[in-house]
Amino acid sequence: MRTCRATAAGKLTVVLATLVLVVGGCGGGPSPRAWASSVCSALAPWRSEISRLTSSTDQQMTAQTTPAQAKENLVRLFDGAEKASETARRKVEEAGVPEAEHGEEISVGFRTALGQMRDAYGRAADTVGGLSTGEPTTFYDGVRAAVETLNKEYDASTLDTSRLNSEELRQAFDEVPECR
């Protein structure tokens with residue numbers, strides 16, 4: 001009887017050890033290269049959209065439009081940037097946590113920075129949306145102040161990828177084609 005129990009216990013131990021290895025392997029996050037590729041793939045369209053929206057905002061600031069037209073266009077532009085930032089943040093979140101030193105911290109840093117940028121654009125849209133268009137000079141002064149605040153908040157939320165605390169991820173960002 002003891003031999004059967006010992007053999008059964010031994011087999012159970014082997015099965016459990018195998019399950020731990022298999023489940024442990026599946027439970028990990030993506031490799032540094034896969035994660036960097038996903039993140040850069042999420043950020044490329046976001047950068048393009050932000051660049052396009054920034055160019056459009058610059059044009060709106062110098063265009064000969066009425067304050068009401070400028071207000072409508074700027075709110076639409078800032079709303080677009082807010083949505084693009086959230087889309088990028090969500091895609092970075094969906095990329096998971098990389099299997100790398102400080103992977104969780106770095107993933108959180110990217111998501112937080114994108115969330116702060118999203119919020120900055122949202123506040124700019126709300127600020128411009130709340131401006132009165134009755135007096136053009138006052139309106140455009142308010143727009144300039146909103147854009148200055150946006151730029152400060154945007155700069156403060158930028159994540160410096162050159163300061164990543166993971167050599168594996170730093171190397172992955174340098175090597176994957178999506179990040180070039």
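**Exercises on a six-helix chain**

Leaving aside neighbours within four places in sequence, S37 touches V176 and E178, where a contact means heavy atoms within 4.5 Å. The model is predicted, so that local features need pLDDT of at least 70 and side-chain atom pairs count only at pLDDT 80 or more, while totals for chains, interfaces and linings use all residues. Residues are numbered from 1 along each chain as its sequence is written, and side-chain values use heavy atoms, with hydrogens and water left out.

**Exercise 1.** Place S37 in the chain, and decide whether S37 is buried or exposed.

Solution. Begin with the helices, which are DSSP runs of H or I with at least four residues, numbered from the N terminus, strands being E runs of at least two. The protein chain has six helices and zero strands, and S37 lies in helix α2, which covers residues 32-62. Next take the cut-offs: buried means under 20% relative accessible area, exposed over 50%, and partly exposed in between, with a 1.4 Å probe and protein chains only. Because its relative accessibility is 16%, S37 counts as buried. For the whole protein chain, buried residues make up 33% of the 180 residues.

**Exercise 2.** Describe helix α5 and work out where its buried residues lie around the axis.

Solution. First the length: α5 (residues 136-157) has 22 residues and reaches 31 Å from its first C-alpha to its last, close to the 32 Å expected at 1.5 Å a residue, the expected span being 1.5 Å times one less than the number of residues. Then list the buried residues of α5, which are F139, Y140, G142, V143, A146, V147, L150 and S157. Seen down the axis, these buried residues fall within an arc of 155°, so they line one face of the helix; the arc is that of the directions from the helix axis to the C-beta atoms. On the other side of α5, T137, T138, K152, D155 and A156 are exposed. Finally, the buried residues of α5 pack against α2, α3 (67-94) and α4 (103-129).

**Exercise 3.** Find which elements build the largest nonpolar core.

Solution. A nonpolar core is a set of buried Ala, Val, Leu, Ile, Met, Phe, Trp, Tyr and Cys residues joined through side-chain atoms within 4.5 Å. The largest one here has 41 residues, and those with the most contacts inside it are W35, W46, F78, F110 and F173. Two or more residues each come from α2, α3, α4, α5 and α6 (167-175), with α4 giving the largest share, ten residues.
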